[in-house]
Amino acid sequence: MPGGAAVTRPNPHSTMKALHTLLILGASTFFTACTDLQGGDKLAAPPPNTSLVPALPPRTVAIGLPGEAEQLQASFEKLKQKLAKDPNDTKTWLKLCEVFITEARITGNYGPNHDAALVILDRVLSLTTKKEPAVMELRSEALTLKAVIRLSQHNFSEALALGEEAVVLDPHRAFNYGVLVDANVELGHYAKAVEMSDKMVSTRPDLRSYSRVSYLREIYGNVEGAIDAMDMAVKAGYPGSEETSWCRVQLGGLHERNGDIASAEKQYRQALAERPDYPFALAALGRVTGKMKNYTEAEKYLGSAIALMPDAAFYQELARVYAAQSKTELYDEAVLNAGRALAGLAKGGEGHNHQVGLEMARYQLEFAKDLDNALINAEHEATHRADNNDVNLALAAIHYAKGDAPTAAGFIARAKSTGSKDTYMLCLEGLILAKNGEVAKGKALVAESLKRDPYQNHPFVQEARRMIGS
């Protein structure tokens, strides 16, 4: 990382013809904000009105730690009653908003929970217009929470604007800088992300800031530093909480992406020991056991993850496991389900807006084998974040798959501009170099990539192995 700065961010056939170009649709929320009388003489207090509060979506599966759902429901009911008595209590509205955001993180039911949270936040923003320090702090918090949701929906430019406004109003709150780290990373503004992360970690060194340190260090090629920082994030958190478990899975991912699957497996199993049935740990364990060719175990773990949270990425990992066993029909089913999950996110079944151009491009490249639409989606993504490494890596991969190695070379150069040591990126760069005539150099890079991580599982890995005879 430049200047030794300590900083990073806490992040997937013919059957697909209906999923062609998911160039995301905006959508309005399904709740409408209620207006209140402001100013004037006080009237007689009306009977408690709980209809102002959006309903907390019911859970369809048991998920999370024992008693966690009950505690969240109890908090919701308590806050709801407070708001029935005072519908202009902005602090309580913000606490209620956090209930919906937490519920979304735990269950993966983002649409209705985030829609409800956005209605609440717009209400808070309408109530916090006075230029008073205490009021501006509340407005800043509302803007930050709205930015968190927009980041989840991949509306990165809007999240950036919200975060910048929040920092102006309250420059002393660490998490305001956190959303600026995330938004700048996703937009490819890496130097700015480093600057914001430095401010965040100096304001409050905790799980949230350490995890962002880790992510940026990985982007800048400091893998060991990234591992150290994510380990600090895990140790700073409460064992078994959702955010600590998320960080532990990210720590395992750092090990896994650099070929140390034994250490990765250890972290994933520890995450499950601390938070049983955590979907992301189950899926990660399924992925890593699949790489170890323990396919029965891999299917079990991935099936358990999907039963709890039918995430598109989980289906894609299951498809890879089926492909390794030549289970064609099951592979096709998993691929179809992955595509449906992505399409559902994009369309926003509950009215929300989620941009999935990059995820769809990757899916169409590897699974749907639809390179034309993969390129359309990746190019669409590049229209609003052309400097993002992952977007440029996807464009390089798609152009290479289409047989256009010269164009692919330009995109791979942009993708590696921060000095990332990502093994997939290194492998693809080697293949592109070889195709463009620099065979010896290309083979050397491919060999280095596969030595660092011999368990790679991406669309070009078999071609890479054939190139070096492994």
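So, burial to begin with: 54% of the 470 residues of this protein count as buried. Keep in mind that we're looking at a predicted model. The accessible surface comes to about 20,700 Å², and carbon and sulfur atoms account for 53% of that. As for secondary structure, you get 22 helices and 0 strands. So let's talk helices.

Take helix 6, residues 174-187. How far apart should its ends be? With 14 residues at 1.5 Å a residue, helix 6 should span 20 Å, and the C-alpha atoms at its ends are 21 Å apart, so the expected and modelled values agree. Now, where does helix 6 sit, enclosed or out in the open? Well, 14 of its 14 residues are buried, so the rest of the structure largely encloses helix 6. Right after helix 6 comes G188, with a positive phi near 85°.

There's also a charge over a ring that involves F175: R208 lies over the face of F175, at 4.4 Å from the ring centre. And here's another one of that kind: K300 has its charged end over the ring of Y301, 4.7 Å from the centre.

Okay, on to helix 18, residues 389-401. I'd pick out A396 here, which lies in that helix. A396 has a relative accessible area of 0%, so it counts as buried. What does A396 touch, once you skip residues up to four places away in sequence? The list is A408, F411, I412, L428 and I432. For a distance to go with that, A396 and T407 are 11 residues apart in sequence, and C-alpha to C-alpha they are 7.4 Å apart in space.

Stay with helix 18 for a moment, because it brings us to the aromatics. The structure holds 7 aromatic pairs. One of them is Y400 with F460: the ring centres are 5.5 Å apart and the planes are at 80°, so we call the pair edge-to-face. And which parts does the pair tie together? Y400 lies in helix 18, while F460 is in the loop between helix 21 (439-452) and helix 22 (461-468), so the pair links parts that are 60 residues apart in sequence. Both partners are tucked away by the numbers: Y400 is buried with a relative accessible area of 8%, and F460 is buried with 6%.

Still on aromatics, there's a cluster to look at too. W246, Y278, F280 and F314 form one aromatic cluster.

Next, helix 10, residues 242-257, which is where you'll find H255. H255 counts as buried, at 15% relative accessibility. Leaving out neighbours within four places in sequence, H255 is in contact with I227, D260, S263, A264 and Q267.

Now a glycine. G339 is in helix 15, residues 328-347, and G339 is buried, with a relative accessible area of 0%. If you want to find A313 from there, the C-alpha atoms of G339 and A313 are 9.8 Å apart, with their positions 26 residues apart in sequence.

Let's do backbone oddities. Which way does phi go at H154, positive or negative? Phi of H154 is positive, near 65°, and this is a residue other than glycine. H154 lies in the loop between helix 4 (133-152) and helix 5 (156-169). K293 also has a positive phi, near 65°, and again this is a residue other than glycine. The place of K293 is the loop between helix 12 (279-291) and helix 13 (295-308). So are they buried or exposed? H154 counts as buried, at 16% relative accessibility, whereas K293 counts as exposed, at 61%.

Last bit, cysteines. How many disulfides does the structure hold? The count is 0. A disulfide, just to be clear, is a covalent bond that joins the sulfur atoms of two cysteines. If you want cysteines to click on, try C97, which counts as buried at 0% relative accessibility, and C427, which also counts as buried, at 0%.

That's my tour, so over to you.

How values were computed:
Residues are numbered from 1 along each chain as its sequence is written. This is a predicted model: local features need pLDDT of at least 70, side-chain atom pairs count only at pLDDT 80 or more; totals for chains, interfaces and linings use all residues. Side-chain values use heavy atoms; hydrogens and water are left out. Helices (H or I, at least four residues) and strands (E, at least two) are DSSP runs, numbered from the N terminus. The expected span of a helix is 1.5 Å times one less than its number of residues. Buried means under 20% relative accessible area, exposed over 50%, partly exposed in between (1.4 Å probe, protein chains only). Accessible areas come from the Shrake-Rupley method with a 1.4 Å probe; for residues, only the protein chains shown count as cover. Contact means heavy atoms within 4.5 Å. A disulfide is a pair of cysteine sulfur atoms within 2.5 Å. Rings of Phe, Tyr and Trp (its six-membered ring) pair if their centres lie within 6.5 Å; planes under 30 degrees apart count as stacked, over 60 as edge-to-face and the rest as tilted. A charge sits over a ring if NZ of Lys or CZ of Arg is within 6 Å of the ring centre and within 35 degrees of the ring normal.
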